Number of protein chains: 2
Amino acid sequence: MLIGVPRETAAGETRVAATPETVKKLVAQGHRVVVETSAGQRASATDEAYGTAGAEVGSAAQALGAELVLKVRAPDAQELASFQRGASLVGMLNPFDRDGLQRLADAGLTAFALEAAPRTTRAQSMDVLSSQANIAGYKAVMLAASHYQRLFPMLMTAAGTIKAARVVVLGVGVAGLQAIATAKRLGAVIEASDVRPAVKEQVESLGAKFIDVPYETPEEREAAEGVGGYARPMPASWLTRQQQEVAKRVAQADVVITTALIPGRAAPVLVTEDMVRSMKAGSVIVDLAAPAGGNCPLTEPGQTVVKHGVTLVGETNLPALVAADASSLYARNVLDFLKLVLPGAGGVVLPPDDDIVTACLVAHEGRLLRA
Amino acid sequence: MLIGVPRETAAGETRVAATPETVKKLVAQGHRVVVETSAGQRASATDEAYGTAGAEVGSAAQALGAELVLKVRAPDAQELASFQRGASLVGMLNPFDRDGLQRLADAGLTAFALEAAPRTTRAQSMDVLSSQANIAGYKAVMLAASHYQRLFPMLMTAAGTIKAARVVVLGVGVAGLQAIATAKRLGAVIEASDVRPAVKEQVESLGAKFIDVPYETPEEREAAEGVGGYARPMPASWLTRQQQEVAKRVAQADVVITTALIPGRAAPVLVTEDMVRSMKAGSVIVDLAAPAGGNCPLTEPGQTVVKHGVTLVGETNLPALVAADASSLYARNVLDFLKLVLPGAGGVVLPPDDDIVTACLVAHEGRLLRA
């Protein structure tokens, strides 16, 4: 079938949904692929490289008018006008954006939102949230290092010793773990915290220190141990003591990286204005929750600002700042997903009973299937 | 005596010649120190911190009008007008700038250019070229990582493996060695080259590969082995073959960091336009020789530009981008130098026979002593 890969038009979006590597595989499967001129330019993929991989390089209208369109971000109204009714769309379509999904349904698209894939073993290779969070965790540390006016590693020189940076990572998911690993590579001293005490082992395996908060009641201990392999939310008493411990570490930190995002909801406050005030002049906070309002109330999404002598980085699209590798992983996620709905060289087929496809399908035959 | 620390006024200069740490020591030695308001602001040193260290916070005129003035960069004409005749000045005064030094002599200053210190063991702790090159080498890698649209480390993810960045470092002095060490920390695969084959061991001890160029004549072998412990310049035949080997590695590189600076002369060309053309789209060159015209003819000093799909970073003051630690090391260099000319709480005394002081003294009693 004809697959289109348009150039992304959202502000600051540098990624592309297919790379010469994945285009080559789609062409080998018998598909035709049209890539919009300069679609991969910002991700270090030239039109020439797409051509060599077997793609035709064409216009936006050609790419958006294909039977199957591969996107990074949900199409805006102008892009949507170029789609054919009945076409298929794969992308990060924001499953919590009811209005946006309704527009896709109204356009008659069969739309798959990859963020909605279940977090199962089978779905791992198409897990866009993880692949992009991995990149974001790396870039968060590189941005912190850019703004921080000291070195990360300890350095012993003829003019004396420079101390290693003290980094605190709040929230230890995929992004937090990669932030820890990257800061560790650079020689920082790292402490990390999470509302799930069970991540302590992962944190320590990366060479960081977990900010321990002892359990004071049987209820706290039981919650931490979990039931049937699943963690339970920690009681409020423990969370309050944890916040106090975190506040002490933040006051001593040179760099704080916050990563607590709750899908579809505003980000929780982890670093209060008082905590920022307690920090040293020249410290840096990178707030990965900026797209959801931020883990710090002083964060300004999309901006880098200095408040109380502390630099707050509120970048809202960190993976786009590592466009080539972010695209490379995303395009592989897309390719792996396509194996489920593109059984041959023909069109998109919805398998009758596939939990991943069912979870991702947000619009079909004019109907909204989500939110 | 009264020591002044003005805020630096050169464009892009963020460093400061004394930190609260060194001010405290000068005050303990019985000196009065006047620090200009916000002199350390960009280097994460607040007026409050200077006050706590025992300094008075004052005006530019007060700091520049002191008996001894500590500077990072040579004073411009406007600053010079605030100096007292007979005052002393310590800074990076550019010993190759004859006109600039003449102006210092004309102003009746006793001026010490720290870059002119001999590279002896005793002078190591006041070696500003080394301390700042160390910072520059670190920052060069961080800038490369900022512009490079892929990750430095190899990453194994559910969506497949990401390859480590290939970094080539040309010129293995202090900056080159720190660039190698930093890129290695970040997980890159590194090759390095230098016109002195003897640095091979240092390169390998940091985990990088030295780009070997075999010796084909006894003359080449003798030059490499050196005489009496000193290396001799390598013959042209060997250098030509080295350039060919380097060109092959640059074509495969993701990041190239060039560091070849010859004091007082234009930088040698190490990366030609043809070599840039041979590089992959999205590659990055950081040219540490930008202040001397660059090791690549396409470098635009002070700018970051994209040519032939390659990003060329021509920052001319890398240490100023890590202002706090660059200032910290520089201020310690200055403090160590002052031990030679400030024997007590009284004024500056020129020791009759000190090779470091003699080398650094560029102007005294109206006379130019250099260039």
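Helices (H or I, at least four residues) and strands (E, at least two) are DSSP runs, numbered from the N terminus. The legends below describe close-up views of a predicted model.

**Loop between β2 and α2 of chain A, with S38(A)****.** S38(A) is placed in the loop that runs between β2 (32-36) and α2 of chain A. Most residues other than glycine have a negative phi. S38(A) is not a glycine, yet its phi is positive, at about 60°.

**Loop between β16 and β17 of chain A, with E365(A)****.** E365(A) is found between β16 (361-364) and β17 (367-368) of chain A, in the loop that separates these strands. The phi of E365(A) is also positive, at about 50°, although E365(A) is not a glycine. Is E365(A) buried or exposed? The relative accessible area of E365(A) is 60%, so the residue is exposed, given that exposed means over 50%.

**Packing of α6(A) against α6(B)****.** Helix α6 of chain A and helix α6 of chain B, each covering residues 128-147, pack at an angle of about 135°. Their axes are 10 Å apart. Angles under 35 degrees count as roughly parallel, over 145 as roughly antiparallel and 65 to 115 as roughly perpendicular, with the rest being oblique; α6(A) and α6(B) are therefore oblique to each other. The crossing in which α6(A) passes α6(B) is left-handed. From α6(A), the residues in the contact are Y138(A), K139(A), M142(A), A145(A) and S146(A). They meet Y138(B), K139(B), M142(B), A145(B) and S146(B) of α6(B). Sorted by class, this contact of α6(A) with α6(B) comprises 6 nonpolar, 2 polar and 2 charged residues.

**Surroundings of Q178(B) in helix α7 of chain B****.** Q178(B) belongs to helix α7 (residues 174-185) of chain B. With a relative accessibility of 10%, Q178(B) counts as buried, since buried means under 20%. Which residues does Q178(B) touch, not counting residues up to four places away in sequence? One contact is with L155(A) of chain A. The others are with N134(B), G137(B) and Y138(B) of chain B. Y138(B) is also one of the residues of α6(B) that meet α6(A).

**Packing of α1(B) against α12(B)****.** Within chain B, helix α1 (residues 20-28) packs with helix α12 (residues 323-341) at an angle of about 20°. The two axes are 9 Å apart. Because angles under 35 degrees count as roughly parallel, α1(B) and α12(B) are described as roughly parallel to each other. α1(B) passes α12(B) in a crossing that is left-handed. On the side of α1(B), the contact involves E21(B), T22(B), K25(B) and L26(B). These residues meet S328(B), A331(B), R332(B), L335(B) and L338(B) in α12(B). The contact of α1(B) with α12(B) divides into 4 nonpolar, 2 polar and 3 charged residues.

**T19(A), in the loop between β1 and α1 of chain A****.** The loop that holds T19(A) lies between β1 (2-5) and α1 (20-28) of chain A. T19(A) counts as buried, with 10% relative accessibility. Apart from neighbours within four places in sequence, the contacts of T19(A) are Y50(A), S327(A), S328(A) and A331(A).

**T52(A) in helix α2 of chain A****.** T52(A) is part of helix α2 (residues 47-52) of chain A. The relative accessible area of T52(A) is 70%, so T52(A) is exposed. Along the chain, T52(A) and P20(A) are 32 residues apart, and their C-alpha atoms are separated by 7.9 Å.

**The aromatic pair Y148(A) and F152(A)****.** Over all chains, the count of aromatic pairs comes to 6. One of them joins Y148(A) and F152(A), whose ring centres are 6.1 Å apart and whose planes stand at 80°, so the pair is edge-to-face. Both partners are buried: Y148(A) has a relative accessibility of 5%, and F152(A) has a relative accessible area of 1%.

**A253(B), in the loop between α10 and β12 of chain B****.** A253(B) occupies the loop between α10 (236-252) and β12 (255-258) of chain B. A253(B) is buried, its relative accessible area being 1%. Beyond neighbours within four places in sequence, A253(B) is in contact with R166(B), V168(B), M279(B), K280(B) and S283(B). S88(B), 165 residues from A253(B) in sequence, is 48 Å from A253(B) in space, C-alpha to C-alpha.

Methods. Residues are numbered from 1 along each chain as its sequence is written. Chains are lettered from A and ligands numbered from 1 in the order in which they are written. This is a predicted model: local features need pLDDT of at least 70, side-chain atom pairs count only at pLDDT 80 or more; totals for chains, interfaces and linings use all residues. Side-chain values use heavy atoms; hydrogens and water are left out. Axes are lines fitted to C-alpha atoms, for helices over the stretch in contact, and angles run from 0 to 180 degrees between N-to-C directions. A crossing is left-handed if the near helix is turned anticlockwise from the far one by less than a right angle, and right-handed if clockwise. Contact means heavy atoms within 4.5 Å. Ala, Val, Leu, Ile, Met, Phe, Trp, Tyr, Cys and Pro count as nonpolar, Asp, Glu, Lys and Arg as charged, and the others, Gly among them, as polar. Rings of Phe, Tyr and Trp (its six-membered ring) pair if their centres lie within 6.5 Å; planes under 30 degrees apart count as stacked, over 60 as edge-to-face and the rest as tilted. Buried means under 20% relative accessible area, exposed over 50%, partly exposed in between (1.4 Å probe, protein chains only).
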